[in-house]
Amino acid sequence: SQDAGSRSTGEPVANAAQLVDADNELLWRANRRRLEADVVRDSLLAVAGNLNRSMGGPGVRLPLPPELARLQYKGTWQADPDVSRHQQRTIYLFVKRNNRPPFLEAFDAPDTTVSCGRRTESSHAGQALMLFNSPLLDRQARAFAARLTLEVPDRSRTLIIERAYRLALSRSPGQDELPTGREFLDNPQGLFSERLADFCLVLFNLDEFLYVE
């Protein structure tokens with residue numbers, strides 16, 4: 001019946017609960033939350049195919065922007081010479097108290113100068129700028145594009161888009177998303193590799209990538 005079919009989707013139940021308890025004080029659903037800063041970084045590396053899953057070892061020193069290394073450390077900061085270790089999980093990063101990695105700081109990584117009993121969560125313009133313009137996102141978007149090209153060797157636009165959505169969002173592209181993606185990738189202007197990297201960057205910037213329901 002229509003009632004049974006509607007009940008199977010959960011929509012009437014959710015709508016009724018929304019009217020009664022919009023703030024979810026009775027916990028009738030999971031609260032939407034953003035991934036923690038370190039989980040966002042690890043997810044970027046994993047989707048791009050760059051995550052170094054090795055465990056243990058000394059803390060990993062990431063390269064610093066030259067101006068920061070020069071002004072704050074007077075040339076004494078030495079990044080880990082093994083570049084592959086730069087892709088290890090964020091838990092293994094060596095962090096100075098007065099120098100949190102900019103990406104982690106933007107996404108509310110705990111302040112390392114004071115105790116942190118509970119993480120805060122904020123939304124601000126700096127996060128959007130970091131996701132679109134940071135060197136980390138540029139590298140991982142290009143790596144993601146290279147991974148897709150390798151896994152879909154015939155460059156089928158449909159298969160590439162489906163694989164990209166599956167890896168980044170754990171779902172297939174929607175009815176409108178597939179033709180939109182194909183139109184973007186089929187644009188004759190510029191190199192296909194550059195368009196694909198831009199497409200991957202857009203996926204990394206979707207709320208669906210950063211938030212879990």
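# A guided tour from Phe107 outwards

Begin by selecting Phe107, which is buried, with a relative accessible area of 2%. The model on display is a predicted one. Now add Phe103 to the selection: at 7% relative accessibility, Phe103 also falls under the 20% limit and therefore counts as buried. The two rings form a tilted aromatic pair, with 5.0 Å from centre to centre and 40° between the planes. The structure holds four aromatic pairs.

**The nonpolar core**

Keep Phe103 selected and display the largest nonpolar core, which has 44 residues. Within this core, Phe103, Phe144 and Leu196 touch the most other members. Colour next the elements that contribute two or more residues: H3, H5, H6, helix H7 (135-151), helix H8 (157-169), helix H10 (192-204) and helix H11 (207-210). H10 supplies the largest share, eight residues.

Centre the view on Leu196. Beyond residues up to four places away in sequence, Leu196 touches Ala145, Leu148, Thr149, Ile160 and Leu185. Then move to Phe144, which ring pairs link with Phe204 and Phe209 into a cluster.

**From Phe209 to Ser43**

From Phe209, step to Ser43, in helix H3 (residues 37-48). Apart from residues up to four places away in sequence, Ser43 touches Leu35 and Phe209. A distance drawn from Ser43 to Leu159, C-alpha to C-alpha, spans 22 Å, and these residues are 116 apart in sequence.

**Two buried polar side chains**

Select Asp108, in the loop between H5 and helix H6 (125-133). Is this residue buried or exposed? At 12% relative accessibility, Asp108 counts as buried. Its side chain makes a polar contact of 2.9 Å with the side chain of Arg34. Expanding the selection around Asp108 shows contacts with Arg34, Thr120, Glu121, Ser122 and Gln127, once residues up to four places away in sequence are set aside.

Proceed to Gln88, located in the loop between helix H4 (66-73) and helix H5 (102-106). Gln88 has 1% relative accessibility and so counts as buried. The Gln88 side chain reaches the backbone oxygen of Ser54 at 3.0 Å. Excluding neighbours within four places in sequence, the contacts of Gln88 include Arg41, Leu45, Leu51, Asn52, Met55 and Val60.

**Charges over rings**

Two arginine side chains complete the tour. Select Arg32 with Tyr211: the charged end of Arg32 sits over the Tyr211 ring, 4.4 Å from its centre. Finally, select Arg61 with Phe94, where Arg61 lies over the face of Phe94 at 4.1 Å from the ring centre.

Notes
Residues are numbered from 1 along each chain as its sequence is written. This is a predicted model: local features need pLDDT of at least 70, side-chain atom pairs count only at pLDDT 80 or more; totals for chains, interfaces and linings use all residues. Side-chain values use heavy atoms; hydrogens and water are left out. Helices (H or I, at least four residues) and strands (E, at least two) are DSSP runs, numbered from the N terminus. Buried means under 20% relative accessible area, exposed over 50%, partly exposed in between (1.4 Å probe, protein chains only). A polar contact is a pair of N or O atoms within 3.5 Å; within protein, one must be able to donate a hydrogen and the other to accept it, and residues adjacent in sequence count only if both atoms are side-chain atoms. Contact means heavy atoms within 4.5 Å. A nonpolar core is a set of buried Ala, Val, Leu, Ile, Met, Phe, Trp, Tyr and Cys residues joined through side-chain atoms within 4.5 Å. Rings of Phe, Tyr and Trp (its six-membered ring) pair if their centres lie within 6.5 Å; planes under 30 degrees apart count as stacked, over 60 as edge-to-face and the rest as tilted. A charge sits over a ring if NZ of Lys or CZ of Arg is within 6 Å of the ring centre and within 35 degrees of the ring normal.
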